[in-house]
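This briefing sets out the architecture of one protein chain. It proceeds from the helix and its cover to the sheet, the core and one buried loop residue.

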Amino acid sequence: MKVNNINGTKDSSCRCASWLEHWVNYSGRPLPSICPELDCIQNPEIGAHVQKDSATDKNWYIIPLCKKHSGDIGKSLSIIDIPLVPAKVDNTCGKTGATHPTSATHGMIDHKKGQAS
Ligand SMILES: [Zn+2]
Ligand SMILES: [Zn+2]
């Protein structure tokens, strides 16, 4: 599959320890032992931002890449078939609607009030 390297966005951070962690968390796969670029045998060290080579899908994705390939900004890369994890944190680690501590406490108080009387 072909992707375009759009890495190098300086404001790139999410709630995971790194974009590499982000990929591991949401791909459901362990980190590959080598860079997914077809001819590359380096360790993947960086969670790089890429776009699919597609006219319709302009979303940003994260894939693990070695230092060299993550630095090839603006280039097209041929990679093996690995999961592309959305870089959009709204759909992953930045998701809202998780447990809300205030409402949980509120429920407990109501319960106790009933016992006291
Ligand atoms: Zn994340
Ligand atoms: Zn590489």
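What covers the buried residues of α1? The cover includes β2, β3 and β5. The model under discussion is predicted, and its protein chain has three helices and five strands.

**Overall organisation**

- Along the sequence, the elements of the protein chain succeed one another in the pattern β-α-β-β-α-β-β-α.
- The protein chain has 117 residues, of which 23% are buried.
- Among contacts in the protein chain with a separation of 6 or more, 69% link residues 24 or more positions apart.

**The sheet**

- The five strands make up an open sheet, ordered β4-β1-β2-β3-β5, with antiparallel pairing.
- The edges are taken by β4 (76-78) and β5 (85-86); each has a single partner strand, so one side of each lacks a neighbour in the sheet.
- Strand β1 (residues 2-5) runs antiparallel to β4 and is joined to it by three bridges.
- Within β4, Ser76 is the residue that stands opposite Asn4.
- The antiparallel strands β2 and β3 are connected by six bridges, and Ala48 lies opposite Ile63 of β3.
- Two bridges pair β3 with β5, again in the antiparallel sense; Tyr61 has Pro86 in β5 as its bridge partner.
- In general, the strands of a sheet pair through backbone hydrogen bonds, in either a parallel or an antiparallel manner.

**Helix α1**

- The buried residues of α1 are Trp19, Leu20, His22 and Trp23.
- These residues lie on the same side of α1, because the arc they cover around the axis is only 155°.
- As a general point, an α-helix has 3.6 residues a turn, so residues three or four places apart point the same way.
- Just after α1, Gly28 adopts a positive phi of about 75°.

**The nonpolar core**

- The largest nonpolar core comprises 16 residues, and Trp23, Ala48, Ile62, Ile63 and Leu65 are those with the most contacts inside it.
- At least two residues of this core come from each of α1 (19-27), β2 (46-52) and β3 (60-65).
- Beyond its neighbours within four places in sequence, Ile63 contacts Val3, Trp23, Pro36, Ala48, Val50, Ile79, Ile82 and Leu84.
- Ile63 thus recurs in several roles: it is among the residues with the most contacts inside the core, it stands opposite Ala48, and its contacts include Trp23 of the helix.

**Pro36 in the loop**

- Pro36 belongs to the loop between α1 and β2.
- Is Pro36 buried or exposed? Pro36 counts as buried, because it has 20 C-beta neighbours inside 10 Å.
- Leaving out residues up to four places away in sequence, Pro36 touches Ile63, Pro64, Ile79, Ile80 and Ile82.
- Pro36 and Pro64 are separated by 28 residues in sequence, while their C-alpha atoms are 7.4 Å apart in space.
- The contact between Pro36 and Ile63 links this loop residue with one of the residues that have the most contacts inside the largest nonpolar core.

Definitions and conventions. Residues numbered from 1 in each chain as written. Chains lettered and ligands numbered in written order. Predicted model: local features only at pLDDT ≥ 70, side-chain atom pairs only at ≥ 80, totals over all residues. Core = buried A, V, L, I, M, F, W, Y, C linked by C-beta atoms within 7 Å. Buried ≥ 20, exposed ≤ 12 C-beta atoms within 10 Å, placed from the backbone. Helix = DSSP H or I, 4+ residues; strand = E, 2+ residues; numbered from the N terminus. Contact = placed C-beta atoms within 7 Å. Pairing = 2+ DSSP bridges. Arc of directions from axis to C-beta.
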